[in-house]
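Me: Please take a close look at a single part of this structure, the sheet region you think is worth describing strand by strand. Then carry on from there to the other parts that can be described in detail.

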Amino acid sequence: MLSASTCSTPCNLDLVDKSSMAILQSHLIAVPDAKAPIVACPADIPALPTDLGVCGATTITGTATASDNCGTASIAPAPGATLTLPVGINTVGYTASDGATPANTATCTQTVTVVDNELPTITCPTDPVVVVLSSAETRRRLSSVVPENCALMPDLVALSSFSDNGAVVSTSMSVGGVTIAAGACLPTATCDETLTATITVMDAAGNSASCMVDMYIQYDIVAPSVSCVDTTLYADASCQSEMPEFTTSTSDDCIITSNVQTPAAGSMLMLGATEVSVTASDQANTATCTSTVIVVDTTPPTITCPADATALPNDLGVCAATTSTGTAIASDNCGTIASISPAPGATLTLPVGINTMGYTASDGATPANTATCTQTVTVVDIEAPVIACPADATAVPNDLGICGATTTTGTSIASDNCVTTSISPAPGATLTLSVGTRTVDYTVSDGAMPVNTATCTQTVTVKDTEAPIVNCPATYVVLSGSNCTARMPDLAAEATYSDNCIGIASVGVTVGGETYAPGACLPTEVCNSNLSATITKTDGSGNAAACTTTLLIDGDGDKYKADAKCNNCVKQASPPYKNYGLTKVCSSCSCPNIDEAVRSKCYNCLSWTRPENFDGSWCTGCAALAKFPELGGVPSVDKCMSCVVNLDSFCIKKDSCASPPKTRSDGITPFLPTPAEINACWNCMSQHKFYKWGSVTMTGQGQCGNVASKTSTGTNPMLL
């Protein structure tokens with residue numbers, strides 16, 4: 001083991017052969033430093049003052065010195081390092097380290113004493129501090145624990161404020177150099193006297209500070225009574241409210257010397273909360289209370305709705321209208337409109353009819369005040385319904401015996417954007433339609449006000465499919481000339497027919513398949529023979545019917561009696577008086593070969609025969625009548641015969657106005673001629689010397705009133 005008491009350099013250790021003295025091995029050997037350095041601390045600091053306001057001091061390290069056997073040693077802490085030391089004796093350690101491995105160290109200590117020499121601070125309560133001298137009332141209030149005429153020392157320390165950089169360890173109060181504890185009786189205290197008290201505080205270092213305060217000795221110890229109540233006020237039209245008077249609620253056992261309200265009564269307050277204080281003071285006491293006055297807005301805003309919409313048309317195909325809200329106008333006494341609902345331009349879908357839109361304005365109050373108004377929006381259905389008619393009917397047959405058909409309405413199909421209320425005519429309604437192409441209108445109405453309608457038309461074609469009825473005349477006598485020729489009579493006029501409709505489109509007469517017009521020559525060499533004639537009548541719809549009669553051809557005029565000829569002549573008369581009245585009788589065309597004697601007999605037969613015998617055989621005895629040449633030829637006979645027949649047909653019956661009217665035996669309803677017609681017939685008969693059998697009365701009236709009549713009397717033929 002090698003060591004050195006002083007610092008030395010490494011040396012070589014050789015291994016030598018003794019016999020030859022040769023170096024076998026050589027080693028480098030280091031000698032370790034085991035000696036510590038030597039350190040010396042800075043001098044002690046016996047009284048380092050505290051930093052201002054701090055219970056300690058901030059300083060710096062001094063300079064320690066060190067030495068070492070192997071050279072220079074390092075010292076920690078280094079000189080000038082900052083140190084913060086508390087009040088009291090503090091030890092600061094220094095350490096020296098050499099360069100050995102491991103290092104050798106040495107330490108020393110320095111004593112630094114921090115001394116507190118800073119005075120505390122104290123602030124006395126505001127002058128004067130009132131001290132109550134006990135009285136009977138005081139003793140009563142304090143349950144007699146206070147001696148008579150004793151003024152208790154107040155706790156002035158508690159009323160003061162003080163501080164120290166460290167801690168205050170003691171406080172004291174004194175009056176006139178005499179220390180008095182809080183709650184003790186003040187010496188020589190009298191009412192309305194002022195005493196000066198000294199308040200002293202001391203810290204732990206023995207530093208002290210004092211202040212003085214005056215104490216006023218009085219009897220009144222009862223503070224005034226004040227009452228503050230939280231109050232809610234309501235803003236006026238200007239969004240303000242007046243501060244009420246709260247000082248009226250104060251009272252005192254003695255006299256209130258001061259009564260202050262802040263803010264003052266009558267001040268105008270805005271919305272929200274305002275703190276109000278009331279301070280009441282008597283000669284020695286003061287009392288204060290506070291409350292909160294809240295001004296709230298309870299006035300609703302005003303709102304004006306958009307103008308009413310009186311006729312808003314519906315949307316196409318919809319029983320409603322899409323629109324948007326208008327702009328409602330609102331104002332408020334506090335100026336703030338928080339919202340208007342609904343907002344302008346909001347989409348609305350309103351049904352057809354009268355709709356009420358509500359608008360609401362809200363102000364900024366809490367809770368909000370609201371106002372509402374209503375707008376009337378009338379949605380009008382202007383859209384017509386849609387209607388589809390039943391299919392056209394192209395071939396509806398007529399009802400039997402009627403020139404028309406009874407049918408029923410079909411089912412039309414209708415739709416509407418709203419509601420279809422009626423379709424006219426309804427399905428299954430009875431219709432009576434005449435023959436031809438007819439139109440049936442269908443109308444649909446909706447429930448709108450005014451009503452919207454739509455129409456469509458159905459075409460119904462009623463066809464006459466019923467054939468007419470034809471009745472041929474009985475066997476007809478046709479006179480032929482000397483050459484045995486005969487002309488076709490007007491058989492079409494002699495036939496009777498009826499049809500469910502009015503009018504015959506055509507009448508054809510055929511003999512042996514050949515068509516003959518009236519007056520046309522019949523086939524030759526048919527004298528005194530019979531021909532079969534077919535009468536075919538076709539109505540306006542093309543329906544036809546036929547009948548057959550027999551023509552008796554008289555070639556010599558002797559085969560048939562004159563009265564038969566006369567009868568035959570009458571049968572050739574034209575309507576409307578056939579069989580009972582003639583408009584043209586036995587003209588040259590109708591009876592070309594009748595001799596004058598027979599013609600006259602025929603005329604006279606007609607003139608003398610009573611109308612009630614007009615039954616188809618009224619010419620009996622016609623051949624025995626005398627000839628009247630005064631008739632004056634065929635034209636006059638034709639004219640007057642018509643007049644006579646009219647008189648015979650019209651003037652005999654006097655019950656035409658019966659209800660119901662009576663009919664003659666032939667089924668024809670009689671009617672009365674007018675007075676003018678009666679006069680005309682009289683004149684005709686007088687001019688041509690017509691005679692009548694027995695007494696004849698002619699009576700007539702217009703429309704079953706205004707009667708006029710003429711009468712000829714006698715039992716023998718009389719000239720009228």
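Reply: In this predicted model, four strands form an open sheet with the order 18-23-22-20, and their pairing is mixed. Strand 18 (231-234) and strand 20 (258-262) are the edge strands, each of them pairing on one side only. Ignoring direction, neighbouring strands of this sheet are turned by 20 degrees against each other on average. The edge strand 20 pairs with strand 22 (residues 272-281) in the antiparallel sense, over five bridges. Within strand 22, serine 281 is the residue that stands opposite serine 258.

Next, the nonpolar packing. In soluble globular proteins, nonpolar side chains tend to be buried together. The largest nonpolar core in the model holds 21 residues, and those with the most contacts inside it are Met153, Leu156, Val175, Leu186, Ile199 and Met215. Two or more residues each come from strand 12 (129-132), helix 2 (156-159), strand 14 (168-175), strand 16 (194-203) and strand 17 (208-218). With five residues, strand 17 contributes the most to this core. Another core lies apart from it and has 17 residues, including Met488, Leu491, Leu531 and Ala533.

Isoleucine 199 gives a view of the surroundings within the 21-residue core. With neighbours within four places in sequence set aside, isoleucine 199 contacts Ile122, Cys124, Pro125, Leu156, Val157 and Ser160, and also Ser172, Met173, Ala209, Ser210, Cys211 and Val213. Two residues on that list, Cys124 and Cys211, are joined to each other by a disulfide, with an S to S distance of 1.7 Å. A disulfide is a covalent bond between the sulfur atoms of two cysteines. The link of cysteine 124 and cysteine 211 is right-handed, with 95 degrees about the S-S bond. It connects distant parts of the chain, 87 residues apart: cysteine 124 sits in the loop between strand 11 (121-123) and strand 12, and cysteine 211 sits in strand 17. Cysteine 124 has 16% relative accessibility and so counts as buried. Cysteine 211 counts as buried too, because its relative accessibility is 12%. The cut-off behind both assignments is under 20%.

In total, nine disulfides are counted in the model. A second one is formed by cysteine 389 and cysteine 456, whose sulfur atoms are 1.9 Å apart. The torsion about this S-S bond is about 95 degrees, so the disulfide of cysteine 389 and cysteine 456 is right-handed. Cysteine 389 is in the loop between strand 32 (386-388) and strand 33 (393-397), while cysteine 456 is in strand 39 (residues 453-463), so the pair ties together parts 67 residues apart in sequence. On exposure, cysteine 389 is partly exposed at a relative accessible area of 22%, whereas cysteine 456 is buried at 13%.

A third disulfide joins cysteine 472 to cysteine 547, S to S 1.8 Å. Here the torsion about the S-S bond is about 95 degrees, so this disulfide is right-handed. Distant parts of the chain are again linked, 75 residues apart, with cysteine 472 in the loop between strand 40 (469-471) and strand 41 (476-479) and cysteine 547 in strand 46 (residues 544-554). The loop residue, cysteine 472, is partly exposed because its relative accessibility is 22%, while cysteine 547 is buried, with a relative accessible area of 10%. Two further cysteines can be placed by exposure: cysteine 55 counts as partly exposed at 38% relative accessibility, and cysteine 70 counts as partly exposed at 34%.

One loop residue remains to be described. Threonine 409 is located in the loop between strand 34 (404-408) and strand 35 (413-415). Threonine 409 has a relative accessible area of 5%, and so is buried. Its side chain reaches the backbone oxygen of alanine 426 at 2.5 Å. Apart from neighbours within four places in sequence, threonine 409 is in contact with Pro425, Ala426, Pro427, Gly428, Ala429, Leu431 and Tyr442. Alanine 426 therefore appears both as a contact of threonine 409 and, through its backbone oxygen, as the partner reached by the threonine 409 side chain.

How values were computed: Residues are numbered from 1 along each chain as its sequence is written. This is a predicted model: local features need pLDDT of at least 70, side-chain atom pairs count only at pLDDT 80 or more; totals for chains, interfaces and linings use all residues. Side-chain values use heavy atoms; hydrogens and water are left out. A nonpolar core is a set of buried Ala, Val, Leu, Ile, Met, Phe, Trp, Tyr and Cys residues joined through side-chain atoms within 4.5 Å. Buried means under 20% relative accessible area, exposed over 50%, partly exposed in between (1.4 Å probe, protein chains only). Contact means heavy atoms within 4.5 Å. A disulfide is a pair of cysteine sulfur atoms within 2.5 Å. Two strands pair if DSSP finds at least two bridges between them. Axes are lines fitted to C-alpha atoms, for helices over the stretch in contact, and angles run from 0 to 180 degrees between N-to-C directions. A polar contact is a pair of N or O atoms within 3.5 Å; within protein, one must be able to donate a hydrogen and the other to accept it, and residues adjacent in sequence count only if both atoms are side-chain atoms.
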